[in-house]
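Reader: I would like a close look at a single part of this structure and at what surrounds it. Please take it step by step.

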Amino acid sequence: MNAFGHQFRDYDAESERQKSVEDFYRLQHINQTVDFVKKMRAEYGKLDKKVMSIWECCELLNEVVDESDPDLDEPQIQHLLQSAEAIRKDYPNEDWLHLTALIHDLGKVITLPQFGGLPQWAVVGDTFPVGCAFDESNVHHKYFLENPDFQNKVYNTKNGIYTQGCGLNNVMMSWGHDDYMYMVAKENGSTLPSAGQFIIRYHSFYPLHTAGEYTHLMNEEDKENLKWLHVFNKYDLYSKSKVHVDVDKVKPYYMSLINKYFPETLRW
C-alpha cells in the first residue's frame, strides 16, 4: 500500500501499469538527494510563483494530471471534496480536518508550467527522508543503489545527519507536493492546528504511517499528530469513490473554513 493507491500491488507484474510505476520510482529514488531537496526548498521557499486564494488553487488543480493516480477520470477537486465530505460526516466538530482534506493535495500545482513544471517524480509518489539510510520499507528500494547519497558515509547510517528523537520537523523529506503545500501554509501564516499541518506534510510518507518505520526520528508531538494522520489516511483513500459532490452546494461551507484558517490571498 502506497501513494499509488490500494490497487497498486494487485497489478500483474508484467502489466504496463506496473512498468510505469516502477519507472517512476526508479527516477524518484535515483534523483531525490540531499542536494536536490536543498535546491528545491530554496527555489520554492521564495513563494514567488503566483498570488492567489486557496479556492483558486483548488480550481487550478483540475488542470493537473497525477500520473500516479489510477483514477484519472474525475477532476481533482472531486477527489478533494469526496474525502473532505466523508471526514465531515464522521468528525463533524473537527472543521480543521475537513479543510485539511480539501487542501492536502494542492501542492501538485508544481507540475504546471507557471509553477516550474516539475517532473512527476519531484511532485507525487511516496515520500521518505533524505540524509539518512533509505529504509527497506520504501517501495522498489533497489533503485536507491543508484542514488549518489546511498554510498555516502555521512548519509547511509540509520540516523545519518539526524539524531534519535530529533523530530520530523528537523528532517529533510524527499521533495514533492506535500512539503511544498506545508511551506505555503506555514509561510502564509495559516492557523491550522499542528496536526493539520502535519497531515499536509506527511500524508505521502507511507514508510512511516503504513509501514511504521522511521519512528526513531519522531518526537512526542509527532507521535500525537501521527494519530490524526492515521485517521485522515482512511479518508484519503475514500477519495477514489465515484460519489459525485455538488461543488456549488458545499463551496460556501469550505469558503468559511478557508477564511477562518487562511488569509484571503497567499503567496505560492
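Author: Start with Q197, which touches Y182, K186, S190 and L192 when residues up to four places away in sequence are not counted. This is a predicted model. Q197 has its place in helix 7. With a relative accessible area of 14%, Q197 falls under the 20% cut-off and is therefore buried.

One of the residues touched by Q197, Y182, leads to helix 6, where Y182 is listed among the buried residues. Helix 6 covers residues 177–187 and is mostly covered, with nine of its eleven residues buried. Besides Y182, the buried set consists of H177, D178, D179, Y180, M181, M183, V184 and A185.

What do the buried residues of helix 6 pack against? Their partners are helix 2 (34–44), helix 3 (54–60), helix 5 (95–103), helix 7 (194–202) and strand 2 (266–267). After helix 6 comes G189, which has a positive phi, near 75 degrees.

Among these partners, helix 5 can be followed one step further. Nine of the nine residues of helix 5 are buried, so helix 5 is largely enclosed by the rest of the structure. Its buried residues run from D95, W96 and L97 through H98, L99 and T100 to A101, L102 and I103.

A buried residue can also be examined in helix 9 (residues 220–238), where N233 is found. N233 has a relative accessible area of 10% and is buried. Leaving aside neighbours within four places in sequence, N233 is in contact with Y206, H209 and T210.

Key
Residues numbered from 1 in each chain as written. Predicted model: local features only at pLDDT ≥ 70, side-chain atom pairs only at ≥ 80, totals over all residues. Heavy atoms only, no water. Buried < 20%, exposed > 50% of the residue type's maximum accessible area, 1.4 Å probe, protein only. Helix = DSSP H or I, 4+ residues; strand = E, 2+ residues; numbered from the N terminus. Contact = heavy atoms within 4.5 Å.
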